[in-house]
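Let's take a walk through this one together, starting with the overall picture and then going strand by strand.

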Amino acid sequence: YALAEKYWTGAILTETLQPAVTLQGGTAVLTWTATRGMYHKVQTATSNLGPNGWTDAAPAVLYRVNGATAADAVASYTDNNPAPGKKFYRIVRSFAP
């Protein structure tokens, strides 16, 4: 019931996602716990972290699970060519792409 209530009230959108970032052989790999039934979009920024400083790194992906499961899926994104210097990542969730 608690999870359904979060979807109904929209509170699910305010829960914090904490992606893990690892560097593997010149690539940056993000992993996070995906929220079932929601679209997830990875965005990147190099310096301007304001609302207009983020760009989409990939199209939004819908995470869904067939059947009832107790846990959400682990999602990931691989940046095969990260720019030198600082780069910031965030995951944006939404009900629609």
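A quick word on burial: a residue is called buried under 20% relative accessible area, exposed over 50%, and partly exposed in between, using a 1.4 Å probe and protein chains only. By that yardstick, 27% of the 97 residues of the protein count as buried. Keep in mind that this is a predicted model, where local features need pLDDT of at least 70 and side-chain atom pairs count only at pLDDT 80 or more, while totals for chains, interfaces and linings use all residues. Residues are numbered from 1 along each chain as its sequence is written, and side-chain values use heavy atoms, with hydrogens and water left out.

So what is it built from? Helices (H or I, at least four residues) and strands (E, at least two) are DSSP runs, numbered from the N terminus. The protein has one helix and seven strands, and from the N terminus on they run α-β-β-β-β-β-β-β. Its C-alpha trace spans about 45 × 30 × 20 Å along the principal axes. Count a contact as heavy atoms within 4.5 Å, and residues 24 or more positions apart supply 64% of the contacts with a separation of 6 or more. As for the outside, the accessible surface (Shrake-Rupley method, 1.4 Å probe; for residues, only the protein chains shown count as cover) comes to about 6500 Å², and 55% of that belongs to carbon and sulfur atoms.

Now for the sheet with S1 in it. Two strands pair if DSSP finds at least two bridges between them. Three strands make an open sheet here, in the order S1-S2-S6, with antiparallel pairing. Strand S1 (20-24) and strand S6 (74-79) stand at the edges with a single partner strand each, so one side of each is left without a neighbour in the sheet. Direction ignored, neighbouring strands of this sheet are turned by 20° against each other on average; the axes behind that angle are lines fitted to C-alpha atoms, for helices over the stretch in contact, and angles run from 0 to 180 degrees between N-to-C directions.

Follow the chain from S1 into S2 and you go round a hairpin with two residues between the strands, where glycine 25 in the turn has a positive phi of about 55°. Five bridges join S1 to S2 (residues 27-33). Alanine 20 stands opposite threonine 31 in S2, and leucine 23 faces alanine 28 in that strand. S2 is also joined to S6, by six antiparallel bridges; there leucine 30 has tyrosine 77 as its bridge partner. Five of the seven residues of S2 are buried, so this strand is largely enclosed by the rest of the structure.

Elsewhere, strand S3 (residues 38-45) runs antiparallel to S7, joined by seven bridges. Histidine 40 has arginine 93 in S7 as its bridge partner. Which way do the side chains of S7 (residues 88-94) point? They alternate: Tyr89, Ile91 and Arg93 point to one face and are buried, while Phe88, Arg90, Val92 and Ser94 point to the other and are not.

Last stop: threonine 44, which lies in strand S3. Threonine 44 is buried, with a relative accessible area of 10%. Leaving aside residues up to four places away in sequence, threonine 44 touches Gly53, Trp54, Thr55, Ala57, Lys87, Phe88 and Tyr89.
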